[in-house]
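Hello,

Here is the structure I promised to pass on to you. Have a look at it first, and then read my notes below.

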Amino acid sequence: MSKDNSHIDSDSSSVLSQQAPQKDSLKSFISTLATFSGDLSSLTCPSFLLSSVSLLEYSQYWGDHPKLFASISAGETPEERLLNCTRWFISTLYGSYSSRATTAGMEKKPYNPILGEQYFAQWTGDEATGDIVLTAEQVSHHPPILGFHLENKKAGVILEGHCGQKSRFAMPAGIDVHQTGHAIVTLPNHNNETYLITLPSLNIRGIVTGRPSVELSGATHIVSSAGMIASIEYSTKGYFSGERNSFKATLKPLDGGDPFYTAQGVWSGVSNYVDLTKGDGESKLFFDSLADKPVAPELKPKEEMGPLESHRLWSNVTHAINTKDYGTASREKSKIEDAQRVLAKARKERGETQADALKLFVLVDEDADATGKAFQALREDLFDAVGTKALREDEKRPHWRLRK
């Protein structure tokens, strides 16, 4: 297997520095955004604004820091395990929302995954850490939703869930994205202790200048079946620390007792935490994304990948984008999308649903599924603690699980 660094875009120049036709295309796209009503995911984005990576591959960022993922189960108390889970979650944010703007100078739009698209990755650890295996599949195209399953059997940590996006134009020239879905962490070695994780909202700014970037807003909540909650508040304007991408996390009992940990800082930089139970106010390092670099996942060689695996499926589009042949990129992308329309029509004629096209994940009834039942209980705890707006789901609240 090879290390995957393909998500790093080599084009660090501003879109506005491109040729006149691209400038005109950008202006036209912005005009379309401003007048469009509804979810923006259905719009066709100019090829020069596309990243050379599928959105499905973003699921790899859950595993950016294998040791922190494995450490969740290493906490001796429920409080320590919640702290470890919160630290690991913060460590995933840089890769998910800031790394591309840092390495390429701007955020670009990933490919919209096709139904049934697949992504596999793994991280080989040492005897203490263990290996992590990631399986992801696009489980719905309308609306767009991806399912993911990340597991470290040796450490006894399982992550599973699904994620979708609903986006809209935000004045004066940006895009607000509400992420739907959730993640569930299960610790088999601790009596299947579980954690429900909600997803932050995204604000994409800088479209007019041709240098889009992502900011986080709102809050993430991590609810533990041990009766505790971590609430992470995001600030786009440095309210907490005087810097962008700042956050403040408070860990406390669900019953309203006193907090036992707080953490704050910059999720794309350095953050610190305080153990409030000691009463000394001592601040210690929580996470440093500048020093603790993400570990690239290991992927199969492209020639060994199946036709639905992201790197092989989009390879012609990716090559064209990386060589700045945007006309070819648009044509190759249209070929993939047109083929999907034909398949969708055939499914409809056969009376099949999107779920019938899946190979890796299965649509389940949460009432008949162990993780689904855990989700229901934690969801009620979450709603009791912070209200029903804390969790966004697809209207039908579907749940997918990796096939056994």
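Let me begin with two tyrosines: Tyr261 and Tyr273 are both buried. Please keep in mind as you read that this is a predicted model.

Now to the aromatic rings. Searching the whole structure turns up nine aromatic pairs. One of them joins Tyr261 and Tyr273, with 6.1 Å from centre to centre and 65° between the planes. Is this pair stacked or edge-to-face? It is edge-to-face, because an angle over 60 degrees between the planes counts as such. The two partners come from distant parts of the chain, twelve residues apart: Tyr261 belongs to strand 15 (residues 261-266), and Tyr273 to strand 16 (residues 270-275).

Tyr273 has a further neighbour to look for. The charged end of Arg87 sits over the Tyr273 ring, 5.6 Å from the ring centre.

Elsewhere, you can find a cluster of rings: Trp62, Phe69, Trp88, Phe89 and Phe148 are linked by ring pairs.

Next, try helix 6, which spans residues 315-322. Which of its residues are buried? They are Val317, Thr318, Ala320 and Ile321. These four lie on the same side of helix 6, because they cover an arc of only 165° around the axis. What do the buried residues of helix 6 pack against? Their partners are strand 2 (50-54), strand 3 (109-111) and helix 7 (326-350). Just after helix 6 comes Lys324, which has a positive phi of about 60°.

Enjoy exploring!

Best wishes

How values were computed: Residues numbered from 1 in each chain as written. Predicted model: local features only at pLDDT ≥ 70, side-chain atom pairs only at ≥ 80, totals over all residues. Heavy atoms only, no water. Phe/Tyr/Trp six-rings, centres within 6.5 Å; stacked < 30°, edge-to-face > 60°. Helix = DSSP H or I, 4+ residues; strand = E, 2+ residues; numbered from the N terminus. Buried < 20%, exposed > 50% of the residue type's maximum accessible area, 1.4 Å probe, protein only. Lys NZ or Arg CZ within 6 Å of the ring centre and 35° of its normal. Arc of directions from axis to C-beta. Contact = heavy atoms within 4.5 Å.
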